[in-house]
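Reader: I have a model open in front of me and would love a guided tour of its contacts. Could you take me through it residue by residue?

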Amino acid sequence: MAMLRAMDSAVAGLRAHQSKLDVIGHNIANVNTYGYKSQNYSFQEAMYQTSTASTGGSTNSGGVNAAQYGYGSLTGSISMDMTASTPTYLGGFNATITGQGFFITSANNTHKVNTAGMKGIGDLEYTRVGQFSIDSNGYVVDSSGNFIYGYAGADGSAAPTGDATALQVPGNQLLTSVKLNNLGVITGVTEDGKVLTIGQLAIATFQNPEGLTKTGGYYYQTVTGDNTGTASASAPGQGSTPTLMAGYLEASNVDLAKEFSEMITAQRGFQANTKMITVSDEVLNELVNMKR
């Protein structure tokens, strides 16, 4: 049975190292994905079988330490590194956040977003990628067509009041150009040359941004009762809310040197576990062939 235990441990180790390689591969695949936050994989020991329990000493005998057999390794955690990355200049109607925080988006344009109810809205999503445009109905949308939330008519001269809503050009007027500044204020020029203030972007911040759940693309989601902690929404530059860098997008924070070194150690760990399986198989073969 000892050799079977060793083989079980090695098989568990193979699975765990394959999972680590999966995470590394995903990080490397997204090295050029705007706003991507790399993931870190950690191992933990598998369950133990106790052959001798730990017992304290007495006046008649000494204490005995526990003797236990392990069963390999398992996935410990897969955590996100939310560190801000390098801004990349693209120009145009783009923006990156200079600190912690997320743009608020939704496929639904009827929500009213406030701090108290932000975590209770199921289809509300958050992103670090500020790649915007104006759609045919005058709404400010991202590259996936989701509505962008902010404070209608706010010009950055004072803290905006009221709830954040889906930003829209007033009266759906035709614009010849759109501009965004570092306070998230969006203005446009109409066909007759009039400068029109559309509103100011809203930025969502979370007590624990690592508690957000990735939903695909470059979006994150939060729900009531998760581990994100206290959530708040406000305009850029208000209180502790960071400002923006207009014309920039945030690059991926994947560190290729780290990923390649992790890949090498994971591959060697995988190789060592396959060797343990081979050795276990050879020992079992010897046992089977003891009597010929």
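Author: Gladly! Please keep in mind that this is a predicted model. A good place to begin is serine 234, which touches Tyr151, Leu201, Ala202, Ile203 and Thr241 when residues up to four places away in sequence are not counted.

Reader: Which side chain does the side chain of serine 234 meet in a polar contact, and at what distance?

Author: Let's place serine 234 before looking at its partner: the residue sits in strand β19, which covers residues 231–234. Among the residues that serine 234 touches is Thr241. The polar contact joins the side chain of serine 234 to that of threonine 241, at 2.4 Å.

Reader: Is threonine 241 buried or exposed?

Author: Threonine 241 is found in the loop between β19 and β20. Beyond its neighbours within four places in sequence, threonine 241 is in contact with Ile203, Ser234, Ala235 and Pro236. Buried means under 20% relative accessible area. Threonine 241 has a relative accessible area of 9%, so the residue is buried.

Reader: Moving on to strand β20, how far apart are the C-alpha atoms of methionine 245 and serine 19?

Author: Methionine 245 lies in strand β20, residues 244–246, and counts as partly exposed at 28% relative accessibility. Its contacts, not counting residues up to four places away in sequence, are Pro87, Asn94, Ala95, Thr96, Thr98 and Asn182. Serine 19 is 226 residues apart from methionine 245 along the chain, and the separation of their C-alpha atoms is 37 Å.

Reader: How many salt bridges does a search of the whole structure find?

Author: One of them brings together the side chains of glutamate 262 and lysine 20, at 2.8 Å from N to O. Another is formed by glutamate 250 with lysine 37, whose closest N and O atoms are 2.7 Å apart. Over the whole structure, the search finds four.

Reader: Which helices hold glutamate 262 and lysine 20?

Author: The two side chains meet in a salt bridge of 2.8 Å, N to O. Glutamate 262 is in helix α2 and lysine 20 in helix α1 (residues 2–29), so this pair ties together parts that are 242 residues apart in sequence. The partners also have their own accessibility classes: glutamate 262 is partly exposed at 26%, while lysine 20 is buried at 9%. The helices you asked for are α2 for glutamate 262 and α1 for lysine 20.

Reader: Which residues are joined into one network by salt bridges that share partners?

Author: Glutamate 250 forms a salt bridge with lysine 37, with the closest N and O atoms 2.7 Å apart. Glutamate 250 lies in strand β21 (residues 248–250) and lysine 37 in the loop between α1 and β1, so the pair ties together parts that are 213 residues apart in sequence. The side chain of glutamate 250 also meets that of arginine 128 in a salt bridge of 2.9 Å, N to O. The shared partners join one network: Lys37, Arg128 and Glu250.

Reader: What is the relative accessible area of lysine 37?

Author: It helps to look at each member of the network in turn. Arginine 128 counts as buried at 3% relative accessibility, and glutamate 250 is buried at 1%. Lysine 37 is buried as well, with a relative accessible area of 0%.

Reader: What kind of aromatic pair do phenylalanine 103 and phenylalanine 132 form?

Author: This is one of nine aromatic pairs in the structure. Phenylalanine 103 lies in strand β7 (residues 102–106) and phenylalanine 132 in strand β9 (residues 130–134), so the pair ties together parts that are 29 residues apart in sequence. Phenylalanine 103 is buried at 0% relative accessible area, and phenylalanine 132 is buried at 7%. With the ring centres 5.2 Å apart and 90° between the planes, the pair is edge-to-face.

Reader: How much accessible area does the nonpolar patch on the surface have together?

Author: The patch is formed by Met276, Val279, Val283, Leu287 and Met290. Methionine 276 lies in helix α2, residues 256–288. Patch members need over 30% relative accessible area, and methionine 276, partly exposed, has 34%. Together, the patch residues have about 430 Å².

Methods
Residues are numbered from 1 along each chain as its sequence is written. This is a predicted model: local features need pLDDT of at least 70, side-chain atom pairs count only at pLDDT 80 or more; totals for chains, interfaces and linings use all residues. Side-chain values use heavy atoms; hydrogens and water are left out. Helices (H or I, at least four residues) and strands (E, at least two) are DSSP runs, numbered from the N terminus. A polar contact is a pair of N or O atoms within 3.5 Å; within protein, one must be able to donate a hydrogen and the other to accept it, and residues adjacent in sequence count only if both atoms are side-chain atoms. Contact means heavy atoms within 4.5 Å. Patches are made of residues with over 30% relative accessible area and no salt bridge: like charges are joined within 9 Å, nonpolar side chains (Val, Leu, Ile, Met, Phe, Trp, Tyr) within 5 Å. Accessible areas come from the Shrake-Rupley method with a 1.4 Å probe; for residues, only the protein chains shown count as cover. Buried means under 20% relative accessible area, exposed over 50%, partly exposed in between (1.4 Å probe, protein chains only). Rings of Phe, Tyr and Trp (its six-membered ring) pair if their centres lie within 6.5 Å; planes under 30 degrees apart count as stacked, over 60 as edge-to-face and the rest as tilted.
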